[in-house]
Every structure is written in structure tokens, then in C-alpha cells.
Amino acid sequence: MEKQDITAANLGAAFVWVLQDWLTIPEWNDMTRLNKTASPGVCHSHDFCDANMAMIEAYADLLGVPADDVDLSGSVQYLFNDAWSWAVPALVIPCAS
């Protein structure tokens with residue numbers, strides 16, 4: 001995928017997939033339980049992993065490059081913020097065991 005083709009929805013979905021890959025089911029379920037009562041703008045994924053690195057990995061996966069090769073300059077931070085906003089509803093849904 002080309003950089004200009006990545007949308008907040010693409011990246012948000014990829015971010016959720018990365019978090020689901022990184023967290024165990026109990027960790028995911030603890031995160032979702034905590035997120036249900038979290039203050040706006042707070043995500044408890046950071047309690048279990050470096051969620052910023054998860055977003056970078058998701059972006060790198062969509063670009064088809066290693067995470068170390070991702071250029072974080074320019075408007076990519078705005079895209080990351082929009083992707084996080086897109087992903088938030090999925091971050092309160094527990095996984096079935």
C-alpha cells in the first residue's frame with residue numbers, strides 16, 4: 001500500500017490487529033474492562049505494551065516495510081491520532097476465550 005492510500009480506518013484496523021497479536025486474551029480483556037471506564041483520551045493498552053510502537057508496526061505493515069524504516073515526519077502523527085480515534089470503539093470489546 002502506498003503512503004497516500006493509508007486511511008485512518010485502514011491504520012486503525014491494523015492497529016487493533018497488532019494489539020490483539022501482542023496481548024494475551026486475559027490482557028486484552030483487562031484492557032477492555034479498564035477502557036470502558038477510562039477518561040476520554042485514555043487507553044489502557046499502554047498498561048500492557050508500548051501502544052505507540054504497536055501503531056508504528058501497524059503503519060509499517062501497511063507500507064510493507066520494517067518498522068525501523070518508517071518515516072514519522074510530516075502529517076503521519078495526525079493520521080496516527082485519527083487511526084487511534086477510529087480504533088477506540090474496538091478497544092472496549094472483550095475477546096472470547
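Visitor: Leaving aside neighbours within four places in sequence, which residues is Leu11 in contact with?
Guide: This is a predicted model, where local features need pLDDT of at least 70, side-chain atom pairs count only at pLDDT 80 or more, and totals for chains, interfaces and linings use all residues. Residues are numbered from 1 along each chain as its sequence is written, and side-chain values use heavy atoms, without hydrogens or water. Contact means heavy atoms within 4.5 Å. With neighbours within four places set aside, the partners of Leu11 are Ile6, Met55, Ala58, Tyr59, Leu62, Leu79, Phe80 and Ala83.

Visitor: Which helix gives the largest share of the largest nonpolar core?
Guide: Such a core is a set of buried Ala, Val, Leu, Ile, Met, Phe, Trp, Tyr and Cys residues joined through side-chain atoms within 4.5 Å. This one has 27 residues, with Leu11, Tyr59 and Phe80 among those touching the most other members. H1 (8-22), H2 (25-35), H3 (51-63) and H4 (76-87) each supply at least two; helices are DSSP runs of H or I, at least four residues, numbered from the N terminus. The largest share, 8 residues, comes from H3.

Visitor: Is Tyr59 buried or exposed?
Guide: Buried means under 20% relative accessible area, exposed over 50%, partly exposed in between (1.4 Å probe, protein chains only). Tyr59 has a relative accessible area of 1%, so Tyr59 is buried.

Visitor: What is the angle between the planes of Tyr59 and Phe80?
Guide: Rings of Phe, Tyr and Trp (its six-membered ring) pair with centres within 6.5 Å; planes under 30 degrees apart are stacked, over 60 edge-to-face, the rest tilted. The whole structure holds 1 aromatic pair. Tyr59 and Phe80 form an edge-to-face pair, 5.3 Å centre to centre, with an angle between the planes of 75°.
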